[in-house]
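User: Please take a close look at the salt bridges in this model, and at the parts of the fold they connect. I would like one connected account that also sets them against the nonpolar interior.

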Amino acid sequence: MPDADSSSIVIDFVGGAVGFRLRRGEGRGQPLPRACGMAKGATPTIVDATAGMGRDAFFLASLGAHVTLIERNPQVHAALECAMAAAREHDDELAAIIARMTLLHGDSRALLQTLGPEVVLVDPMHPERTKSALVKKQMRDLRDVVGADLDARELMEAALAAAQNRVVLKWPQRAAPIEGLRKPSHQISGKTTRYDVFVTNG
């Protein structure tokens, strides 16, 4: 298991916000699973192309989806490995969720070509808000380690070429669209986040 001290990023699938979300029993009617096409009982294979803290991947796996997480930053990848191992050892319920999660280290733009997923979730590092206090400390720490995703459009184009069914772009509700990207097929909005859905199967 990687040394938890090797990264300033701490990820926890047992307690905190992720554990609360699981205990609260959020279901397929939430905006993210709806955007991924899970609302009517379907359980597609999903690639989370920008794994980050792993929260969305864990949530989708808790609903039964098999999710491949791709993370290119070595520190964040190591933190994800630690968090998945800890959750696997915690209890059988969490172990069953982690069993549906596969973690890869690399560049999604290349790896997506080899995976052929039904759904690709893309959650680039969002544009900075004008008031840093609005961004939770954990996300500020992640931004400090990862930096800005200047290749978000390239990643989206790779996702659109690879996804069999749809690409879901997670984006701030009021942020401008990624420049040069085609319009989504439809949008699903949450309180502060919107999910731009790009259908790829015609």
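Analyst: Of the 202 residues in the chain, 46% count as buried. The model is a predicted one. Its accessible surface comes to about 10300 Å², and carbon and sulfur atoms account for 49% of that area. The chain holds 8 helices and 7 strands. Among contacts between residues at least 6 apart in sequence, 69% join residues at least 24 apart.

The salt bridges come to 8 in number. One of them joins the side chains of Arg72 and Asp151, at 2.7 Å from N to O. This pair links distant parts of the chain, 79 residues apart: Arg72 sits in the loop between β2 and α4, and Asp151 in the loop between α7 (137-146) and α8 (152-162). The two partners fall into separate classes of accessibility. Arg72 is partly exposed because its relative accessible area is 37%, whereas Asp151, with 13%, is under the 20% cut-off and therefore buried.

Another salt bridge is made by the side chains of Glu154 and Arg109, at 2.6 Å from N to O. Glu154 belongs to helix α8 and Arg109 to helix α6 (residues 108-115), so this bridge ties together parts that are 45 residues apart in sequence. Both of these residues are partly exposed: Glu154 has a relative accessibility of 48%, and Arg109 has one of 26%.

Asp196 and Arg194 form a further salt bridge, with their closest N and O atoms 3.0 Å apart. Here each partner is buried, Asp196 at 4% relative accessibility and Arg194 at 6%. As for the pairs described before, salt bridges with shared partners join Arg72, Asp107, Arg109, Asp151 and Glu154 into one network.

Arg72 also appears in an annotation. An unreviewed UniProt entry places the feature "binding site" at Arg55, Asp56, Glu71, Arg72 and Asp123. Of these, Asp56 lies in helix α3 (residues 55-62) and is buried, because its relative accessibility is 8%. Arg72, in the loop between β2 (67-71) and α4 (74-90), is partly exposed at 37%.

The nonpolar interior comes next. In soluble globular proteins, nonpolar side chains tend to be buried together. The largest nonpolar core in this model has 36 residues, and those that touch the most other members are Ile11, Phe13, Cys36, Ile46, Leu60, Val67 and Met101. Two or more residues each come from α2 (31-35), α3, β2, α4, α5 (92-98), β3 (101-105), β4 (119-122) and β7 (193-199). The most is given by α4, with 6 residues. Thus β2 and α4, the elements on either side of the loop that holds Arg72, are both among the contributors to this core.

Leu60 shows what surrounds one of these core residues. Leaving aside neighbours within four places in sequence, Leu60 is in contact with Leu32, Pro33, Cys36, Met38, Ile46, Ala65, Val67 and Leu121. Among these, Cys36, Ile46 and Val67 are also listed with the residues that touch the most other core members. Apart from this core lies another, of 21 residues, which include Ile70, Val120, Met156 and Trp171.

The strand pairing around β5 completes the account. All 7 of the 7 residues of strand β5 (residues 166-172) are buried, so the strand is largely enclosed by the rest of the structure. β5 pairs with β4 in the parallel sense over 4 bridges, and Val119 stands opposite Arg166 in β5. β5 also pairs with β7, in the antiparallel sense and over 7 bridges. In that pairing, Val168 has Val197 in β7 as its bridge partner. β7 runs from 193 to 199, a range that takes in Arg194 and Asp196, the partners of the buried salt bridge. In a regular strand the side chains alternate between the two faces of the sheet.

Conventions. Residues numbered from 1 in each chain as written. Predicted model: local features only at pLDDT ≥ 70, side-chain atom pairs only at ≥ 80, totals over all residues. Heavy atoms only, no water. UniProt positions renumbered as here; feature names shortened; annotations may be inferred. Buried < 20%, exposed > 50% of the residue type's maximum accessible area, 1.4 Å probe, protein only. Salt bridge = Lys/Arg side-chain N within 4 Å of Asp/Glu carboxyl O. Core = buried A, V, L, I, M, F, W, Y, C linked by side-chain atoms within 4.5 Å. Contact = heavy atoms within 4.5 Å. Areas by Shrake-Rupley, 256 points an atom, 1.4 Å probe, with all protein chains shown as cover. Pairing = 2+ DSSP bridges.
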